[in-house]
Amino acid sequence: MQICKIRPDGLREALDLVWEVFERYEAPEYEEMGIKTFRHFITYSNMVEKVNQGEMNFWGCYLNNYLVGVIALRTGQHISLLFVREKFHRLGIAKRLVWVAVDYVKLQNPDIRAVTVNSSPYAVEVYKKLGFVPLGAEQKADGIRFTSMRLDF
């Protein structure tokens, strides 16, 4: 298993993985507006612009050159995307990806002592197992349901 930064030329594959997992696990919990909002957010044109401008960083977890997991970190310390292919759940891939992001945050700004995420309803328990704590009740914006969470380090 290898984790490495995803460059713009590997971004389409990463976004395809994100959409595949979203459709399976997240979409059933969302109203149509939320699905459309998310689909628009992960369009290649939107993401490649953010990557090229340094606003978003992506890492992928590869198993024999096959992409099995993706994490994206927005400028600062906010996890925007964390998705692992279904048959690779419960193998510690999400945990490894989160810690790659945490190490990156520490390297970029040692004064930052936490990462945040707006977790989907499906992933709240996953994030809790990784040490994140909810910062409040579930919210909804543009059809997207989420719980803001934080991991202190």
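**Aromatic contacts in a predicted model**

Let me begin with a cation over a ring: the charged end of R24 sits over the ring of Y25, 4.8 Å from its centre. The criterion here is that NZ of Lys or CZ of Arg is within 6 Å of the ring centre and within 35 degrees of the ring normal. R39 likewise lies over the face of W19, at 4.3 Å from the ring centre.

A word on conventions. This is a predicted model, in which local features need pLDDT of at least 70, side-chain atom pairs count only at pLDDT 80 or more, and totals for chains, interfaces and linings use all residues. Residues are numbered from 1 along each chain as its sequence is written, and side-chain values use heavy atoms, with hydrogens and water left out.

I turn to ring pairs. Rings of Phe, Tyr and Trp (its six-membered ring) pair if their centres lie within 6.5 Å; planes under 30 degrees apart are stacked, over 60 edge-to-face, and the rest tilted. The count by this rule is 8 aromatic pairs. F22 and F38 form a stacked pair, because their ring centres are 4.1 Å apart and their planes are at 10°. This pair joins distant parts of the chain, 16 residues apart: F22 belongs to helix α1 (residues 11-26) and F38 to helix α2 (residues 32-41). Helices here are DSSP runs of H or I with at least four residues, numbered from the N terminus.

Are these two rings buried or exposed? Buried means under 20% relative accessible area (1.4 Å probe, protein chains only). F22, at 1%, is buried, and F38, at 10%, is buried. Ring pairs also link W19, F22, Y30, F38 and F83 into a cluster.

How values were computed:
Helix = DSSP H or I, 4+ residues; strand = E, 2+ residues; numbered from the N terminus. Buried < 20%, exposed > 50% of the residue type's maximum accessible area, 1.4 Å probe, protein only.
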